[in-house]
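Work through the exercises below with the sequence and the model open side by side. Each task is followed by a solution in steps.

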Amino acid sequence: MSTSLNGDRRTVRPAALGMALVLMALLLAVVVIRQQPPAPKGLDAPREQFSAGRAVAILQEMQVDGVSHSVGTEASERVQGRIVAAFEAMGYQVDVQETVACRRESGAYAVCAPVQNIVTRLDGQEDGPALMLVAHHDSVGAGPGAADDSSSVAEILEIARVLGEQGPYRNPILFLISDAEVVGLLGAQGFVDDHLWAQDVVVSLNLEARGTRGLGYMFETSEENAWLIDAYASTVRRPASSSLHYEVYRILPNDTDLTVFRAAGMAGLNFAFIDRASHYHTPLDQMENLDQRSVQHQGESVLAVAQALAEVDLSAPPSGDAAWTDVLGFAVVRWPASWTIPLSFLGLILLLVVSVVVIRRTALSVGGLLLGLLAALLTLVLTILLGLGLSWLISQVAGEPSPWTAYPLATRVAVWTGALLCGGLVSGVLARRAGAWGLALGAWLFWALLALVLSFTVPGVSI
């Protein structure tokens, strides 16, 4: 049954239901398509553009027979030599910083190691605050690190070529290929502690990979980030970012080189592609598993942001935080974080006004609206419980705590299907008493109330 605004009830026609299902399928197809990275550009791409083909060619030259090049190994030295040669071939003067770096982990003990950072710079039109691009050249001992993080090093080399040919820009641009990131962010710490150029850096762009494919997400930034989000939103062709990612990452026990730079007072943005996480830190992190589309998306996004930040005044960056999200990669919706509470109130008030109008036209009762709120809450709670239950059941049957890591699709489909099942069951039970308007407005009001609560605690999540 469906309810019109004037309270009439009529049977849903099969044609209307079919059209609704087709529309949902089309919307799902758009979402899936927009979640795919762009096609990689080849070796013949215009030289002012980032080319994944050129970056992967660099990566193939840089890799050492598909073996690990962890810190302190002979393979690591060979990789370093090839990176230095690639910079020098483009006309950069390279400084190999050799130092011993220490960093305290979890407040209990310190990790120390000799590190060799590769550092170079493109002088600016002004000799002042600098922008820095960062990736690490070491891999884990378990695998060759074609994605993590050699692909990022190759991206920086291709970006350095473009910037070198297009520059000089207003601000100096530093390129840091750090060492010993995997064993404790030691290369970044050594740069901050001992390198003369570290005091010039105002903002850093860190490139990572936690998988071998997917969009290059901008998943982390720093405090007072509104100006950085503006630079990202106004330049990146296919944005993929949200303040939700940033807030969630802040509570995870994960670190990158940007962690060190943020602690040193630098602003920054962090980029990574994260699909196929089953390849991360394993022997599967090989060239043949690396998606060139991911290299293209991340590389061209970082290049666009770097070109923008290379021209802004870095002597006194503006203050203020932002809340933001991309909309299927078409654009970034953003606003000052201080607006989040008023906007949340406004959204709730507008929905309440609509609810009053619908109730006064007798298409909805107060009880129906409350049942709609209850349906939304029950759907969310039951979906969470079912997801946790399915995860537990699969782990018990497989005898492993996370058996879906290597092949996650089946588990994802099970959880997604469970969510649809929960929504369908709750709606089916309450639909007759709540009505279509009750279910619809109840769901919207539930999310509006949740957004309002979150706007007081974690504004970046409320979006």
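**Exercise 1. A proline and its peptide bond**

In which loop is the place of P168? Describe also the peptide bond that leads into P168, bearing in mind that this is a predicted model.

Solution. Step 1: P168 belongs to the loop between helix 4 and strand 6 (173-178). Step 2: the bond from G167 to P168 has an omega near 5° and is cis. Step 3: compare this with the usual case, in which most peptide bonds are trans. Step 4: a further cis bond runs from D148 to D149, again with omega near 5°. D149 is placed in helix 4.

**Exercise 2. Positive phi values**

Find the sign of phi for L185 and for R276, then place each residue and state its exposure.

Solution. Step 1: most residues other than glycine have a negative phi. Step 2: L185 is not a glycine, yet its phi is positive, at about 60°. Step 3: L185 sits in the loop between strand 6 and helix 5 (186-194). With a relative accessibility of 4%, which is under the 20% cut-off, L185 is therefore buried. Step 4: R276 also has a positive phi, near 60°. R276 is in the loop between strand 9 and helix 9 (292-309). Its relative accessible area of 41% falls between 20% and 50%, so R276 is partly exposed.

**Exercise 3. Aromatic pairs**

How many aromatic pairs does the structure hold? Classify the pair Y232 and F271 and the pair Y246 and W324.

Solution. Step 1: there are eight aromatic pairs in the structure. Step 2: for Y232 and F271, the ring centres are 6.2 Å apart and the planes stand at 45°, so this pair is tilted. Step 3: Y232 comes from helix 6 (residues 226-235) and F271 from strand 9 (residues 267-273), and the two are 39 residues apart, so the pair links distant parts of the chain. Step 4: both partners are buried, Y232 at 1% relative accessibility and F271 at 0%.

Step 5: Y246 and W324 have a centre-to-centre distance of 6.2 Å and 25° between their planes, an angle under 30 degrees, so the pair is stacked. Step 6: this pair, too, links distant parts of the chain, with Y246 in helix 7 (residues 243-251), W324 in strand 10 (residues 322-326) and their positions 78 residues apart. Step 7: Y246 has a relative accessible area of 4% and is buried; W324 is buried at 0%. Step 8: ring pairs also join F87, Y92 and F175 into a cluster.

**Exercise 4. Charges over rings**

Over which ring does the charged end of R34 sit, and over which ring that of R121?

Solution. Step 1: the charged end of R34 lies over the ring of F330, at 3.9 Å from the ring centre. Step 2: for R121 the ring is that of W197, and the distance to its centre is 4.9 Å.

**Exercise 5. Two residues and their surroundings**

Is V162 buried or exposed, and which residues does V162 contact beyond its neighbours within four places in sequence? Do the same for R213.

Solution. Step 1: V162 is in helix 4 (residues 146-166) and is buried, with a relative accessible area of 0%. Step 2: beyond the neighbours within four places, V162 contacts R47, E48, Q49, L303 and Q307. Step 3: the C-alpha atoms of V162 and E48 are 5.7 Å apart, while the sequence separation is 114 residues.

Step 4: R213 is in the loop between strand 7 (201-209) and strand 8 (217-221), where it is partly exposed with a relative accessible area of 25%. Step 5: leaving out residues up to four places away, the residues R213 touches are Q36, F273, I274, D275, R276, D291, R293 and S294. Step 6: A277 is 64 residues from R213 in sequence, with 8.6 Å from C-alpha to C-alpha.

**Exercise 6. The protein as a whole**

What share of the 463 residues is buried, and what share of the contacts with a separation of 6 or more joins residues 24 or more positions apart?

Solution. Step 1: 46% of the 463 residues are buried. Step 2: residues 24 or more positions apart make up 79% of those contacts. Step 3: the secondary structure consists of 13 helices and eleven strands.

Methods:
Residues are numbered from 1 along each chain as its sequence is written. This is a predicted model: local features need pLDDT of at least 70, side-chain atom pairs count only at pLDDT 80 or more; totals for chains, interfaces and linings use all residues. Side-chain values use heavy atoms; hydrogens and water are left out. Helices (H or I, at least four residues) and strands (E, at least two) are DSSP runs, numbered from the N terminus. Buried means under 20% relative accessible area, exposed over 50%, partly exposed in between (1.4 Å probe, protein chains only). Contact means heavy atoms within 4.5 Å. Rings of Phe, Tyr and Trp (its six-membered ring) pair if their centres lie within 6.5 Å; planes under 30 degrees apart count as stacked, over 60 as edge-to-face and the rest as tilted. A charge sits over a ring if NZ of Lys or CZ of Arg is within 6 Å of the ring centre and within 35 degrees of the ring normal.
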